[in-house]
Amino acid sequence: PASANFDRYTQIDLRVGKSVQVGTSRVAVNVDIFNALNADSVLSVNNTFGGARPWLSPQSIMQGRLLKISGQLDF
């Protein structure tokens, strides 16, 4: 049986946060960056012969860079 090895995928996620005391309350702000290097690794391929897609053509790739901003208020 034939087997195919594809490149490993590496995804780097980063988080930067800051917490500030305001009176008796605390405010925290976070910035998250998912897939910071914008990798486009193949996650799944077509394993069937015939049809509209060629054999071993990519069916899904890693999601692109994503930014999330969040906050928290403790009182």
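## Asn38 and the meaning of partly exposed

A residue counts as buried when its relative accessible area is under 20%, as exposed when the value is over 50%, and as partly exposed in between. Asn38 has a relative accessible area of 39%, and therefore it is partly exposed. The structure in which this residue sits is a predicted model, and the place of Asn38 within it is the loop between β2 and β3.

The backbone of Asn38 also deserves a careful look, since its phi is near 55°, which is a positive value in a residue other than glycine. Most residues other than glycine have a negative phi.

## The chain as a whole

Which kinds of element build this chain, and how many of each are there? The chain holds five strands and zero helices, so that, read from the N terminus on, its elements follow the order β-β-β-β-β.

The overall form can be described with a few computed values. The C-alpha trace spans about 65 × 20 × 20 Å along its principal axes, and the radius of gyration of the chain is 21 Å, whereas a compact globule of 75 residues would have one near 11 Å. Of the 75 residues of the chain, 16% count as buried, and the chain exposes about 6300 Å², of which carbon and sulfur atoms supply 56%.

Two further values concern contacts and charges. Among the contacts in the chain with a separation of 6 or more, 47% come from residues that are 24 or more positions apart. The chain carries 7 positive and 5 negative charges, and the mean positions of these two groups are 4 Å apart.

## Asn35, a buried loop residue

Asn35 also belongs to the loop between β2 (25-34) and β3 (42-45). Is Asn35 buried or exposed? Its relative accessibility is 2%, and because a residue under 20% is counted as buried, Asn35 falls into that class.

When its neighbours within four places in sequence are left aside, Asn35 is in contact with Gln11, Ile12 and Asp13, and also with Met62, Gln63, Gly64 and Arg65.

## The loop between β3 and β4

Arg53 lies in the loop between β3 and β4 (58-61), and with a relative accessible area of 43% this residue is partly exposed. Apart from its neighbours within four places in sequence, Arg53 is in contact with Asn46, Pro58 and Gln59. Its C-alpha atom is separated by 23 Å from that of Tyr9, a residue 44 residues apart from Arg53 along the chain.

Leu56 is found in the loop between β3 and β4 as well, and its relative accessible area of 27% makes it partly exposed. The phi of Leu56 is near 65°, a positive value in a residue other than glycine.

## An aromatic pair

How many aromatic pairs does the chain contain by the rule used here? The count comes to one aromatic pair. This pair is formed by Phe49 and Trp55, whose rings lie 5.0 Å apart from centre to centre, with 25° between their planes. Because planes under 30 degrees apart count as stacked, the pair of Phe49 and Trp55 is described as stacked.

The two partners can also be described by their accessibility. Phe49 has 68% relative accessibility and therefore counts as exposed, while Trp55, at 42%, counts as partly exposed.

Terms used: Residues numbered from 1 in each chain as written. Predicted model: local features only at pLDDT ≥ 70, side-chain atom pairs only at ≥ 80, totals over all residues. Heavy atoms only, no water. Helix = DSSP H or I, 4+ residues; strand = E, 2+ residues; numbered from the N terminus. Rg over C-alpha atoms; globule rule 2.2 N^0.38 Å. Buried < 20%, exposed > 50% of the residue type's maximum accessible area, 1.4 Å probe, protein only. Contact = heavy atoms within 4.5 Å. Areas by Shrake-Rupley, 256 points an atom, 1.4 Å probe, with all protein chains shown as cover. Lys, Arg positive; Asp, Glu negative; His and termini not counted. Charge placed at Lys NZ, Arg CZ, Asp CG, Glu CD. Phe/Tyr/Trp six-rings, centres within 6.5 Å; stacked < 30°, edge-to-face > 60°.
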